[in-house]
Amino acid sequence: MNKDEDQDWLDALAGKQNANADPEVARRAAALRQAIQRHNAAMKSGEADVEIGLHKLKFRLRREDLSGGERHTFLSNRYFQFAMAATVVLTVGLTMRLYLHEQLIQNEAEIMRGGGDRQIVLAPDPEARLKQLTSELDRLGIKYQIERKERKILLKAHGVDPVKDDVATFLEQNQIKTPVGMDVELDIRPMAKP
Amino acid sequence: MPMTDTTIDDQNNFNLIRQGGKMRDKGVAALYRRYAPHFRKFYLYQGLSSADAEDIVQETFVKIVRHCDTFTGDSPLAAWLWRIARNCMNDHFRRTKVRPTDNLDDEEWSALELESVTMRTYDSPPANGTLEDCVERGFNEFAKVFGERAHVLSMVMEGFDTAHIAATIQRSPGATREYISQCRKRIESFLQPCKEYLSAA
């Protein structure tokens, strides 16, 4: 195979017309071109498949904390907010114990963590907060359940897809941590008033 | 669409990834839409299943994002991306203890090729077949055995320039031209039985 013939073959394979090429070489290359096109057509992924893959990737990147820098900021804010809330509660609790004989919250960590994947939301008016959150969930078309235990309100939302921009905005604005799965549990508790 | 005049776009999108923040998602999306189909096709040519190919594509992009700050610019960005793609594939082969045939040494290669050609000389082309049918059969056989080389031929067919093919196979442009020439020799040996159709035409 000489260099010119090689180039003629490659050009024909790439679909380039060359009047000077050996007809046999050109014909073989053209047949191979067609064969490769058919072979590739059988393995081609559609645009929809690419978008599904991208969606999965975005979800995974968020879960692994590789999606943008805002989540770090958001998390920092969230822990800062919990730290502030814990400080306020402790201070108020101490004051109230001294002056109003109310029960002190024993464990700061109890406020910070909650149980399992549950996120604690401290609110001056839990009912109002619940109404605000459920109103937004309704707007987003996200299903939820409400359970009430003693003074606590448990809001369980299902199908929370953080990849969707409006859902991500909802989570961020309400300082709710991005779920690992697609379920969010919020334990809405009253924040003690000073 | 062949990846030809896209070096600047790729670099811009990659810079968005490195920038972080909201722009990172934009960069990831753009780079994924451009490269994921090519990576996926490469993996399929290597004999991977569709499901495994999808998984490795995902793994590749996670690594691209995770290690984006390690890209120094000493090599072209496309070569760096393809290196990650190939490494992820090789990790998969190591985990599953499968060895792609394109990793054969020259002696093993020659033996395999001789066996393949010998087998095919006993196959008589069907009487009412065409050159195109014969070539299609031949290429499909070739792709099963020599996935990497078949993929390179596919890139030539799609109009990729030497620089992009070089980035894919991790060789210099000169070595890539020689490699492509060797790919032609290999496929021509698989298409020997089809010469009958040329003389009959």
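User: How many residues of chain B are in contact with chain A?
Analyst: This is a predicted model, where local features need pLDDT of at least 70, side-chain atom pairs count only at pLDDT 80 or more, and totals for chains, interfaces and linings use all residues. Residues are numbered from 1 along each chain as its sequence is written, with chains lettered from A and ligands numbered from 1 in the order in which they are written. Contact means C-beta atoms, placed from the backbone, within 7 Å. On the chain A side there are 34 residues, and on the chain B side 40.

User: Which helix of chain B gives the most to the side that touches chain A?
Analyst: Helices here are DSSP runs of H or I, at least four residues, and strands are E runs of at least two, numbered from the N terminus. Helices 2, 3, 6, 7 and 9 of chain B each supply at least two residues. With 13 residues, the top contributor is helix 2.

User: Which residues of helix 9 of chain B are exposed?
Analyst: Buried means 20 or more other C-beta atoms within 10 Å of a residue's own, exposed 12 or fewer, partly exposed in between, with C-beta atoms placed from the backbone. The buried set includes B:T176, B:I180 and B:F190. Down the axis, the buried residues fall within an arc of 120° (taken from the directions from the helix axis to the C-beta atoms), so they line one face. On the other side, the exposed ones are B:G174, B:A175, B:E178, B:Q182 and B:K185.

User: What share of chain A counts as buried?
Analyst: Chain A has seven helices and four strands. Of its 194 residues, the buried share is 20%.

Conventions. Two residues are in contact if their C-beta atoms, placed from the backbone, lie within 7 Å.
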